[in-house]
Amino acid sequence: MTSLHDLSHRHDDQPELLETDHIPPGTPILELVGLQKKYGAVEALKPATVTFLAGEIHAIVGENGAGKSTLIKLLTGVIPRTSGEIRWCGKPVALATPNEAISRGINAVHQEVVLCSHLSVAANMFLGDEMSSGGIMRKRAMTTAAQNVLDDLGFNLPAGEILGNLTIGQQQLIATAKAAMRGIRFIIFDEPTAYLTRQESAQLFRLIRRLQSEGVTIVYISHRMEEVFELADRVSVLRDGTHVGTRLIGETNDAELISLMINRSIEQIYHKEKLPIGATILEAKGLSGPGFSDVSLSVRSGEIVGLYGLIGAGRSEFALGLYGRHKLTAGEVFWDGKKVVIDTERKAMDLGIALAPESRRDQGLCLNLPIGLNINLPVFGRLSRGLTISRKLEAGNADKQISDLKIKTPTRAVLASAMSGGNQQKIVIGKWLSHGARLFIFDEPTVGVDVGTKAEIYRLFAELLKQGAGIILISSYLPEVYELADRLHVFRQGKLVASHDYRGASHEDVLTEAIGV
């Protein structure tokens, strides 16, 4: 079988891989010594010391938000480190740019494919390293060479096809083939099987074992424990930005890793009051739509309903379907006991449903508009007198929300884009408080906010419940939904797979249900 080194494509004027030719298997190829990344006062990755050995498959596991993505960006030169040292083949290196990482043979295959969907498979595989002669691109030669690589890897994919015509899983395999062609010594796979079929996953696993047999070091990031135990030699655990331990795969088990992944010490910031549960506001029966199927649940007045699951489990997709942003394909929705059809966001808003989306910057705010205007967007009809907006009412409503939510700004005229993540989240919440909704859907409401802001948001939840509202809380941070939800639903692969009353199951049980071990 042809080696992947022989398949790699390089121009004569490109440098060979640096300092990687004589690394004995089992010796350190990449060492992180006190590696840290801070964004202002927030530590995305706390000082971590981890060693990766030449030729090993090293798995990294952790909950969403544990620091895995930050680690990938540091190792591939996408972001600079705040402090600490990176040693490559025993020598300190900067890894300050993606080109430097690539020149040393460090590549990553991301969960979300970062390729050009309008170009052919071959064009994507040679992107940035095109074959040319006399200034003319040799498209036919690139297609032939790319097809040879794909065939040798056993991917059975057409090099001449437009990438966008392939499935997401097939595009993931193309991204892997592209990385293999570069000449790799260290490759990071980030949730590589999230969109793959069982057959495609088997193809990828064969490639990973082949890479390992040729001396390549593989970092494998996954929530799927069965894959970790099938592939890895060692596994490291991240939790809340901290490296909490590394284990030989033969000396650990599911239960220990899940235990290490969970922060057992529940912070005092969680604010949950015992409130009476009232009548049912919304009931969903057998709802199906893009990314989820046959989901049934209800939300009552004074109740927090938590939705927990891993990335792509279907939680956010269900919320968007319920809110009318995505079209439902099956099921029924009842509001105050009466059947309703919510096929647009306007209908959801008119009923009294509010959505604070997962991506507040892209979906929840108009960043180029002032804070006051963002807060008042849903209620300008109430702030108007005929065709004229009342400046007094407009200012009064915005200033009330800014004061009540403790939004840190000198004036309502400051642009939303100038605010911190925590204050931006408060603006989104203030917008819907102005609207007077009865059912609030909060999707990852505390991502990127500091501990003090988290506590304020949790107290706000309690105030909403006291006023008779119901809340759907979607979070990838298990302690959050575990401590706050009166009813906790667990999603996996688009389905609701388990439900628990408040503290009706252990952290380990819930995470096990979400992972599917």
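Here is a short walk through a few stops in this structure, with something to select at each one.

Before you click: this is a predicted model, where local features need pLDDT of at least 70 and side-chain atom pairs count only at pLDDT 80 or more, while totals for chains, interfaces and linings use all residues. Residues are numbered from 1 along each chain as its sequence is written, and side-chain values use heavy atoms, with hydrogens and water left out.

**Stop 1: a hairpin**

Select residues 28–39 and 42–53, which are strand 1 and strand 2. Strands (E, at least two residues) and helices (H or I, at least four) are DSSP runs, numbered from the N terminus. These two strands pair in the antiparallel sense over 8 bridges; two strands count as paired if DSSP finds at least two bridges between them. Pick out E31 and you'll find its bridge partner, T51, in strand 2. The hairpin has 2 residues between its strands, and G40 in the turn has a positive phi of about 65°.

Now add residues 83–88, strand 4, which runs antiparallel to strand 1 and is joined to it by 5 bridges. Here L30 has W88 as its bridge partner.

**Stop 2: a covered strand**

Jump to residues 439–443, strand 21, where 5 of the 5 residues are buried (buried means under 20% relative accessible area, exposed over 50%, partly exposed in between, with a 1.4 Å probe and protein chains only). In a regular strand the side chains alternate between the two faces of the sheet. Turn on side chains: L439, I441 and D443 point one way, F440 and F442 the other.

What does strand 21 pair with in the parallel sense over 4 bridges? That is strand 18, residues 353–356, and I353 there has L439 as its bridge partner. Strand 22, residues 470–474, also pairs with strand 21 in the parallel sense, over 5 bridges. Look for L473 in strand 22, opposite F442.

**Stop 3: a helix with a buried face**

Select residues 391–404, the 14 residues of helix 14. Buried here are E394, A395, N397, A398, Q401 and I402. Viewed down the axis of helix 14, the buried residues fall within an arc of 165° (taken from the directions from the helix axis to the C-beta atoms), so they line one face. Swing round to the other side of helix 14 for K392 and S403, which are exposed. Just past the end of helix 14, K406 takes a positive phi of about 55°.

**Last stop: I102**

Finish at I102 in helix 3, residues 98–103. I102 is partly exposed, at 24% relative accessible area. Select R182 too: the two C-alpha atoms are separated by 8.0 Å, though the residues are 80 apart along the chain.

Key: The expected span of a helix is 1.5 Å times one less than its number of residues.
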